[in-house]
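I open this notebook to record what I looked up, entry by entry, for someone who has not met this structure before. I start with the overall picture and then turn to single residues.

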Amino acid sequence: DVYKRQTTTSTTVAPTTAPSDLRTVTITGRVEACRFGPDCLIADFTLAGFAREGEYVCEFGDGSRFTFRYVGDGADDACTSSGSAPSITIEVDGVRSATITRASLN
């Protein structure tokens, strides 16, 4: 089955601990064909506690980082990576998601 999905959450709390200060970036991933080849790692993400539009960063296993804009509560097909051992982490306003890999989706 080439379509696999996993959900992980990374949480940070602002200096005050009021419940409204809780912000999360939740990354989900799957492996499927993309424009880079037949076996790509693709990440979506959802947000809680952030502005309804802003920027997010895709960070890849080789250390490269690319910035994109989002509108709403996240993005589908937010980051795509291929290669022998891809990994993706998403960062929004200093809050990082968990890192996904092909192995972590099993």
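**Entry 1: overall picture.** I first looked up burial, and I find that 41% of the 106 residues of the protein count as buried. I note here that the model is a predicted one. For the exposed surface I read about 5900 Å², of which carbon and sulfur atoms supply 51%. Listing the secondary structure, I count 9 strands and 0 helices, and from the N terminus on the elements accordingly read β-β-β-β-β-β-β-β-β. I also looked at how contacts spread along the chain: among those with a separation of 6 or more, 48% are between residues 24 or more positions apart.

**Entry 2: the nonpolar core.** Which residues touch the most other members of the largest nonpolar core? I find that this core has 21 residues, and that F45, Y56, C79, I88, I90 and V92 are the ones with the most such neighbours. Strands β2, β3, β4, β6 and β7 each supply at least two residues of this core, and β3 gives the largest share, with 4 residues. I keep in mind as background that nonpolar side chains tend to be buried together in soluble globular proteins.

I then followed Y56, leaving aside its neighbours within four places in sequence, and found contacts that include F45, C79, I90 and V92. The list for Y56 also holds F66, T67, F68, R69 and Y70, as well as A75, A78 and E91.

**Entry 3: strands β2 and β3.** I looked up how these two strands are arranged, and they pair in the antiparallel sense over 10 bridges. A hairpin of 2 residues joins β2 to β3. Within this pairing, I note that E32 has C40 in β3 as its bridge partner.

**Entry 4: salt bridges.** How many salt bridges does a search of the whole structure find? The search gives 11, and I looked at several of them in turn, with the general remark that side chains of opposite charge can pair when their charged atoms come close.

The side chains of R23 and D93 form one, with N and O 2.8 Å apart. This pair links distant parts of the chain, since R23 sits in strand β2 (residues 22–34) and D93 in the loop between β7 (87–92) and β8 (95–96), 70 residues apart.

A salt bridge also joins D73 and R52, at 2.6 Å from N to O. Here again distant parts of the chain are linked: D73 is in the loop between β5 (65–71) and β6 (74–81), R52 is in the loop between β3 (37–48) and β4 (53–60), and 21 residues separate them. Is R52 buried or exposed? R52 counts as exposed because its relative accessibility is 52%, whereas D73, at 47%, counts as partly exposed.

The pair of R30 and E32 has its closest N and O atoms 3.3 Å apart. R30 is buried because its relative accessible area is 6%, under the 20% cut-off, while E32 counts as partly exposed at 24%. I note that these two residues belong to a network of salt bridges that links R30, E32, D44 and D77.

**Entry 5: two residues with positive phi.** As background I write down that most residues other than glycine have a negative phi. Against that, I looked up D77, a member of the network above, and found its phi near 50°, a positive value in a residue other than glycine. D77 lies in strand β6 and counts as partly exposed because its relative accessibility is 47%.

D93, the partner of R23, likewise has a positive phi near 50°. D93 is placed in the loop between β7 and β8, and it is exposed because its relative accessible area is 59%, over the 50% cut-off.

**Entry 6: T89.** My last look was at T89, which lies in strand β7. Is T89 buried or exposed? T89 counts as buried because its relative accessibility is 4%. Leaving aside neighbours within four places in sequence, I find T89 in contact with V57, C58 and E59, and also with R96, S97, A98 and T99. With T99, the side chain of T89 makes a polar contact of 2.5 Å. I also checked I27, which is 62 residues from T89 in sequence but 7.9 Å away in space, C-alpha to C-alpha.

Note on methods: Residues numbered from 1 in each chain as written. Predicted model: local features only at pLDDT ≥ 70, side-chain atom pairs only at ≥ 80, totals over all residues. Heavy atoms only, no water. Salt bridge = Lys/Arg side-chain N within 4 Å of Asp/Glu carboxyl O. Buried < 20%, exposed > 50% of the residue type's maximum accessible area, 1.4 Å probe, protein only. Pairing = 2+ DSSP bridges. Contact = heavy atoms within 4.5 Å. Polar contact = N/O pair within 3.5 Å; in protein donor to acceptor, adjacent residues only side chain to side chain. Areas by Shrake-Rupley, 256 points an atom, 1.4 Å probe, with all protein chains shown as cover. Core = buried A, V, L, I, M, F, W, Y, C linked by side-chain atoms within 4.5 Å.
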